[in-house]
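Colleague: Mind walking me through this one? I'd like to learn how to read it feature by feature.

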Amino acid sequence: RGAREPKSQKFRSGLPTIMGAVCPCFVNDGDEAMGMQKLENERIGPYPVRLDQKRRSQNLSIDHHDNYDIVTSVFPGTGCCNTVLEQTRAYYEVTVLKEGVFCIGVATLRFKGFDAFLTNATDKTIKNRESKEKDRASWGYMISNSKKGDIIGCSYDMNDVKSVMRFYKNGKRIKSADVVGIKGDVCPALSTSGECELKVNWGGEEQKHRPQKFEPVVASMSVI
């Protein structure tokens, strides 16, 4: 069944696309960055990836801008993105606008704990070994010592046999925080434990610390 053209986003690129991004099957490593940049330059309308107003805590105030989201909170709460991760390598980053304790990561579609923290772990390394719990619904990394202007990144890699989620602070990888072996459909998610303000860049703006070979989060066909 043919995919309908998205209402809020149009592409005029001649390159083959998948989920709103250049399909890696048709480009080599040298052309991929050029193709992504061309796609970003030719995009019309707001970036389609954003926090889902229906899958969030009422404790979170979400202000949608064309190319990013602003999240403000006073009480604990979690919000999920409006798309599942279907690309091989995806990345998003969060800029701290007002210091506070928060967590970024991913959640399954069955996740329901929107008025709680993304995970119930107390240590800042939420998960640093292979995940085997079948009933687990979220994984993430808690940031408790950030400063205004810090950029916390999250990459999700499905290129290997087992998926790997990694975290970065101002471009430097936090090696102890790797999460290996997450299974099933997941979407990007974040939560706050109280007063906090964050800017979430899914890819509508230039991402300052995106690792090589990774792409911004792009909308799945279900969103388009």
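Colleague: How much surface does the chain expose, and what share do carbon and sulfur atoms supply?

Modeller: Accessible areas here come from the Shrake-Rupley method with a 1.4 Å probe, and for residues only the protein chains shown count as cover. This chain exposes about 11600 Å², with carbon and sulfur atoms supplying 47% of it. Bear in mind that this is a predicted model: local features need pLDDT of at least 70 and side-chain atom pairs count only at pLDDT 80 or more, while totals for chains, interfaces and linings use all residues. Numbering starts from 1 along each chain as its sequence is written, and side-chain values use heavy atoms, leaving out hydrogens and water.

Colleague: And what percentage of the residues count as buried?

Modeller: Buried means under 20% relative accessible area, exposed means over 50%, and partly exposed is in between (1.4 Å probe, protein chains only). Of the chain's 224 residues, 50% count as buried.

Colleague: How many helices and strands does the chain have?

Modeller: Both are DSSP runs numbered from the N terminus: helices are H or I with at least four residues, strands are E with at least two. This chain has one helix and 16 strands.

Colleague: Which order do the strands of the open sheet take?

Modeller: Two strands pair if DSSP finds at least two bridges between them. Here five strands form an open sheet in the order 3-6-14-8-9, and the pairing is antiparallel. Its edges are strand 3 (51–56) and strand 9 (138–143), each pairing on one side only. Six bridges link strand 9 to strand 8 (residues 102–108), in the antiparallel sense; V106 has W139 in strand 9 as its bridge partner.

Colleague: What does strand 15 pair with?

Modeller: Strand 15 (residues 196–201) runs antiparallel to strand 5 (residues 69–73), joined by five bridges. Strand 7 (residues 89–98) also pairs with strand 15 in the antiparallel sense, over five bridges. Look at V200 in strand 15: D69 stands opposite V200, and V200 is the bridge partner of V94 too.

Colleague: How many disulfides does a search of the whole structure find?

Modeller: A disulfide is a covalent bond between the sulfur atoms of two cysteines. The cut-off is a pair of cysteine sulfur atoms within 2.5 Å, and the search finds zero.

Colleague: Why is C80 without a bond to C187?

Modeller: Because C187 holds the closest cysteine sulfur to that of C80, yet at 4.2 Å it's too far for a bond. C81 is in no disulfide either, with the nearest cysteine sulfur, that of C187, 6.6 Å away. C80 is buried at a relative accessible area of 0%, and C81 is buried at 3%.
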